[in-house]
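This report describes one protein chain for a reader who has not met it before. The sequence and the model appear first, and the description follows.

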Amino acid sequence: MKHMSRLAAALALLLTVSLTPSALAQGTAFQYQGQLICSGAPANGSYDIQFTLYATNMTGVTVAGPVTNSATAVSNGLFSTTIDLGPGVFTGSNCWLEIAVSTNGANAFSTLAPRQKIMPVPFAIFANTASNLVGTVSASQLSGGIPATNIIGTIPLAQLPATVITNGASGVNISGTFTGDGTGLTNVNATTLAIPLGMALIPAGAFTMGDNLDGESDAIPTNVYVSAFYMDVNLVSYSLWLSVYYWATSQEGYGFDNAGLGRAVNYPVINVDWYDCVKWCNARSQHTGLTPVYYMDAGFTQVYTNGDVTPYVNWSANGYRLPTEAEWEKAARGELSGQRFPWGNYISESLANYYGNTTVFSSYDLGPYNGFNTNFSTAGSYVSSPVGYFAPNGYGLYDMAGNEMEWCWDWYGTPYGQPTTNNPTGPASGSERVFRGGFWASGVDTQNIYNSPHSANRYEWNPSSINYSGQEWWSGFRCMRGH
């Protein structure tokens, strides 16, 4: 590696599935995706990449590794590889991943910096061993049928969904690993266990959309039904945005209005308008072999890749798309009907990244400070927080209040339930699209010009704009997929 000492690495963990941290150690493997720049240009070729896990971000004790993934293919600087550090590694503490790179077979590794923080439970995660997992899964969580050929290796308890159709049995105990031909497991559907990595299953059902707790005049409570769907557990991170963006612009001819920004690779992407997000959803679908949702024609033959237009929507496609406003609010509430926020009626700095005002809203803003969240305030223009920093809501979704506002599909309009209360998609036309969720400068006042982190609060915005009074730092998004 002649120029390896001059490597500048834009390497990032691709955040996919989020499992609830457990006190039990889990054997895990996770997917790592990054970009390798050599002498100022994207690298191409075959490289050996070495991963070592440490207890601290500088020196410190080695937790696991080194593990070397040999002959990793790098194309236009981009690569993706699976890291398996073995069982018993992630036991509840943060770790730091150190990466070293060598030309394939040269065995002359150059260490890259800085080390990258890995949360107690990595996101792109698979259970390699579950011999120490014990617990009880009720019969109501098992339904359908699963062929024996689909039971390979182990299935972690955390990947069994919380709500599926009951099969009427009194209960099923699961201890250790699944082995054999599946005898004894009846009426379990394989799709039940096939929640896409990095997403959560939002179950079908009716809920009360909107509320009038704090003067939301455009959020009149309405009973709405939404079919089941999958939602990204995190806002789209800057690293995930870049990996798809580079692929789409360099190989597929996509044209975006904005390149996107991020405070760091594990922070949400910002400075993307509505059209950018819609096109990026299509690119993400094509990049992962799914059918795009948005098209230039009613026959769904020309994929929407360029320009600022209102696309035709193939609602039955299996690709990624922006959530409708109804889907977003159902997901944000996490089964808590009629509450101000995704976790209940109160908010504090320990729950979300928002702008506190305990003086005026002391009845539900617990602070303890006024102004920007003291954990993230900086002198610069970015005060967002890392994706997944705060606790998730009841569906396992992070940052459904605060951090960055999120684009939805709908044109802004009232009342709710257009054109129908069964899977509403919003008004047929309009001039502004819907933002939801608030961001780091949002106060809890529902009349706040910067939007509010209330679950019912709505904000309309020009779909081609990414700034307010020249301040370009608030627009993000997350994707969903049909179930």
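In this predicted model, Y230 has R481 of β25 as its bridge partner. Strand β16, residues 229–232, pairs with β25 in the antiparallel sense, and 3 bridges join the two. Both strands belong to an open sheet of 3 strands, ordered β13-β16-β25, in which the pairing is antiparallel. At the edges stand β13 and β25 (480–482), each of which pairs on one side only. From one strand to the next, the twist averages 25°. Helix α3 packs on this sheet and touches β13, β16 and β25, its direction making about 70° with that of β16.

Helix α3 spans residues 325–333 and is mostly covered, with 9 of its 9 residues buried. The buried residues of α3 are E325, A326, E327, W328, E329, K330, A331, A332 and R333. After α3 comes G334, which has a positive phi near 55°.

A further open sheet contains 4 strands in the order β23-β22-β21-β24, and its pairing is mixed. Its edge strands are β23 and β24 (475–476), each pairing on one side only. Within this sheet, β21 and β22 run antiparallel and are joined by 3 bridges. Opposite W407 stands F435, a residue of β22.

The chain also contains nonpolar cores. In soluble globular proteins, nonpolar side chains tend to be buried together. The largest nonpolar core has 45 residues, of which V236, W241, W280, Y294, L322, W407 and F477 touch the most other members. At least two residues of this core are supplied by each of β13 (199–202), α1 (238–251), α2 (274–287), β21 (405–411) and β23. Helix α1 gives the largest share, 8 residues. Separate from this is a second core of 23 residues, which includes M231, W328, A331 and A456. Two of these names recur from the account of α3, where W328 and A331 are listed among the buried residues.

Three loop residues may now be considered together. The table gives the relative accessibility of each.

| Residue | Relative accessibility | Class |
|---|---|---|
| T446 | 8% | buried |
| F361 | 16% | buried |
| N457 | 4% | buried |

The cut-off for a buried residue is under 20% relative accessible area. T446 is therefore classed as buried, at 8% relative accessibility. F361 has a relative accessibility of 16% and so counts as buried. N457 likewise counts as buried because its relative accessibility is 4%.

T446 is placed in the loop between β22 (433–436) and β23 (459–461). The side chain of T446 reaches the backbone oxygen of D214 at 2.7 Å. With residues up to four places away in sequence not counted, T446 touches D214, G215, E216, S452, H454 and N457.

N457 also lies in the loop between β22 and β23. The side chains of N457 and N451 are joined by a polar contact of 2.5 Å. Residues touched by N457, again not counting those up to four places away in sequence, are E216, R436, T446, N451 and S452. E216 and S452 are thus named among the contacts of T446 and among those of N457.

F361 belongs to another part of the chain, the loop between β19 (355–356) and β20 (371–372). Leaving aside neighbours within four places in sequence, F361 is in contact with V444 and D445. F361 and G443 are 82 residues apart in sequence, and their C-alpha atoms are 9.7 Å apart in space.

Some totals describe the chain as a whole. Its secondary structure comes to 3 helices and 25 strands. Of its 483 residues, 53% are buried. Among contacts between residues at least 6 apart in sequence, 68% join residues at least 24 apart. The accessible surface comes to about 19,400 Å², and 51% of this surface belongs to carbon and sulfur atoms.

Key:
Residues are numbered from 1 along each chain as its sequence is written. This is a predicted model: local features need pLDDT of at least 70, side-chain atom pairs count only at pLDDT 80 or more; totals for chains, interfaces and linings use all residues. Side-chain values use heavy atoms; hydrogens and water are left out. Buried means under 20% relative accessible area, exposed over 50%, partly exposed in between (1.4 Å probe, protein chains only). A polar contact is a pair of N or O atoms within 3.5 Å; within protein, one must be able to donate a hydrogen and the other to accept it, and residues adjacent in sequence count only if both atoms are side-chain atoms. Contact means heavy atoms within 4.5 Å. A nonpolar core is a set of buried Ala, Val, Leu, Ile, Met, Phe, Trp, Tyr and Cys residues joined through side-chain atoms within 4.5 Å. Two strands pair if DSSP finds at least two bridges between them. Axes are lines fitted to C-alpha atoms, for helices over the stretch in contact, and angles run from 0 to 180 degrees between N-to-C directions. Accessible areas come from the Shrake-Rupley method with a 1.4 Å probe; for residues, only the protein chains shown count as cover.
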